[in-house]
Amino acid sequence: MGNTRLITALMMAVLLLHFVVSFSTKTTDINTDQSTLLALKAHVVSDPRNFLTTNWSVDTSICNWVGVTCGSRHQRVKALDLFNMSLSGTIPLDIGNLSFRTWLDIGYNNFQGLLPVQLTNLHRLNFISMSDNNFYGEISLWIGYFPKLQYLSMSNNSFTGPIPSDMCDRLPTLKELYFSDNKLSGKIPIGLFKCKVIQNIFLAFNNLEGILPEEIGNLKMLRTLDLRGNQIQGIIPQQISNLTAVRLLYLSHNFLTGHVPVTLGNLRYISRIAGPIE
C-alpha cells in the first residue's frame, strides 16, 4: 500500500515538473517573439499610417497585433504581413529569432539597408516577399538553406552580385522567383536550371550577361520566363523548345542573335513571345 502511494506521488511530481518546464518554455518563446517584434518596431523610423505605433503594444497579446498571425498550437508567430503599410526603416538582427515563422511579407514599403544574415535561421519559411523597398547588398549573403520556401519575391530593390550557383540546392522547393529591377550581375548559372519544380522566373532589367544555357530546357514545369533588359548574348538554344508548359516568354532587349527557334511552335499555352526579330 505504501509503495503504491509512493509511486503515485512520484508520478504526480514528474507530471507537475513537466507542466512547469513546458509552461516556462512556452512563456519564454512568446517573450522572445514579442522582443523581436518590438525590436522591429524600434527600427521603423516612419509609420505615417500609425499601424505599429498604435497597435503594437505590450498591453495586448502579440497574436492580436496588426500583421501578426500566431499558430493555434504553440501561440508562436507564424506569419508577419506588413505589406504596403508605408513603413520606413531597417530590419534588425533579431528577425532571425522568429523561428516558427512560415510567412514573411514586407513588400511595398520603404525599408532599406542590408538584410541581416540571421534571416538564414528561418528554415520554416515558405513565403518571402520584400519587393518594392530599398534593400541592397549581395543576395548570396542572406539566401541560406530554406528547404520549404516556394515563393521568393525581391523585385524593385538594389540587390547586387551574381545569382548563387547553388540556388536550387539552397531552395529545393522553389516555385516562384522574382528578382526583376535590381542590379544583379554575372552569368545566369547553370545551377538555376536544376530547380525542377520552378514555374515562374522573373529576372528582367538587371545586368546579367553571358549566354542563355542549353540547360534551360530542363525546366519542364516553367510557365513564365522573363529575361528582358539584360546583356544576354548568343543564339537562343534549341532546347528552349522543351519548355512545353511555358505561357509567357520574354527575351527582348538583350543581345541575342538569330531567330526564335522554329521549334518554338511546338510549345503549348503561349500567350506572348517577346524576343529578338531579325
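Author: Let's settle one term before anything else: a residue is buried if its relative accessible area is under 20%. The structure above is a predicted model.

Reader: Fine by me. What percentage of the 278 residues in the chain is buried?

Author: The fold to keep in mind has three helices and 19 strands. With the under-20% cut-off, the buried share of the 278 residues is 44%.

Reader: And the contacts with a separation of 6 or more: what share of them comes from residues 24 or more positions apart?

Author: Leave out the contacts with a separation below 6, then pick those between residues 24 or more positions apart. Their share is 53%.

Reader: On to the strands. Which strands are the edge strands?

Author: Nine strands make an open sheet, running β1-β4-β6-β8-β10-β12-β14-β16-β18, with mixed pairing. An edge strand pairs on one side only, and that holds for β1 (44-46) and β18 (255-257).

Reader: Let me walk in from one end, then. Which residue in β6 stands opposite G89?

Author: Strand β4 (residues 88-89) pairs with strand β6 (residues 110-114) in the parallel sense, over two bridges. Opposite G89 in β6 you'll find F111.

Reader: Next one along: which residue in β8 stands opposite G113?

Author: β6 also pairs with β8, again in the parallel sense, this time over three bridges. Facing G113 in β8 is F135.

Reader: What about the far end? Which residue in β18 is the bridge partner of G234?

Author: Strand β16 (residues 231-235) runs parallel to β18, and three bridges join them. The partner of G234 in β18 is L256.

Reader: Good, now the rings. Is the W142 and F159 pair stacked or tilted?

Author: The whole structure holds nine aromatic pairs. W142 and F159 form one of them, 5.8 Å centre to centre with 45° between the planes. Stacked needs planes under 30 degrees apart and edge-to-face over 60, so 45° makes this pair tilted.

Reader: How many residues apart in sequence are the parts that W142 and F159 tie together?

Author: W142 is in the loop between β8 (134-138) and β9 (151-153), while F159 belongs to strand β10 (residues 158-161). W142 and F159 are both buried. The pair therefore ties together parts whose separation in sequence is 17 residues.

Reader: And Y178 with F202: what is the angle between the planes?

Author: The rings of Y178 and F202 are 4.8 Å apart, centre to centre, and the pair is stacked. For that label the planes must be under 30 degrees apart, and here the angle is 15°.

Reader: Which strand holds F202 in that pair?

Author: The pair links distant parts of the chain, 24 residues apart. Y178 is in strand β11 (residues 176-178), and F202 is in strand β13 (residues 200-202), so to finish on the name you asked for: β13.

Reader: Is Y178 buried or exposed?

Author: Y178 is part of a cluster that ring pairs link together, along with W103, F127, Y151 and F202. Its relative accessible area is 18%. That is under the 20% cut-off, so Y178 is buried.

Reader: What about charges over rings? Over which ring does the charged end of R228 sit?

Author: There's a case elsewhere too, with the charged end of R124 over the ring of F100, 4.3 Å from its centre. For R228 the distance to the ring centre is 4.7 Å, and the ring is that of Y250.

Reader: Is Q199 buried or exposed?

Author: Q199 is in the loop between β12 (183-187) and β13. Among its contacts beyond four places in sequence are K175, M221 and R223. With 17% relative accessibility, under the 20% cut-off, Q199 is therefore buried.

Reader: Any empty space inside? What is the volume of the largest cavity?

Author: The count is two cavities of 30 Å³ or more. Residues lining the largest cavity include L40, I91, L104 and M130. Its volume is about 40 Å³.

Reader: Last one, on the backbone. What is the phi of D132?

Author: Most residues other than glycine have a negative phi. Y108, in the loop between β5 (103-105) and β6, has a positive one of about 60°. D132 is in the loop between β7 (127-129) and β8 and is partly exposed at 22% relative accessible area. Its phi is positive too, although D132 is not a glycine, at about 60°.

Key: Residues numbered from 1 in each chain as written. Predicted model: local features only at pLDDT ≥ 70, side-chain atom pairs only at ≥ 80, totals over all residues. Heavy atoms only, no water. Phe/Tyr/Trp six-rings, centres within 6.5 Å; stacked < 30°, edge-to-face > 60°. Helix = DSSP H or I, 4+ residues; strand = E, 2+ residues; numbered from the N terminus. Buried < 20%, exposed > 50% of the residue type's maximum accessible area, 1.4 Å probe, protein only. Lys NZ or Arg CZ within 6 Å of the ring centre and 35° of its normal. Pairing = 2+ DSSP bridges. Contact = heavy atoms within 4.5 Å. 1 Å grid on protein atoms, 1.4 Å probe; cavity = no way out; pocket = protein on both sides within 12 Å on 5 of 7 lines; lining within 4 Å. Points joined across faces, edges and corners; volume = space filled by probe spheres on them.
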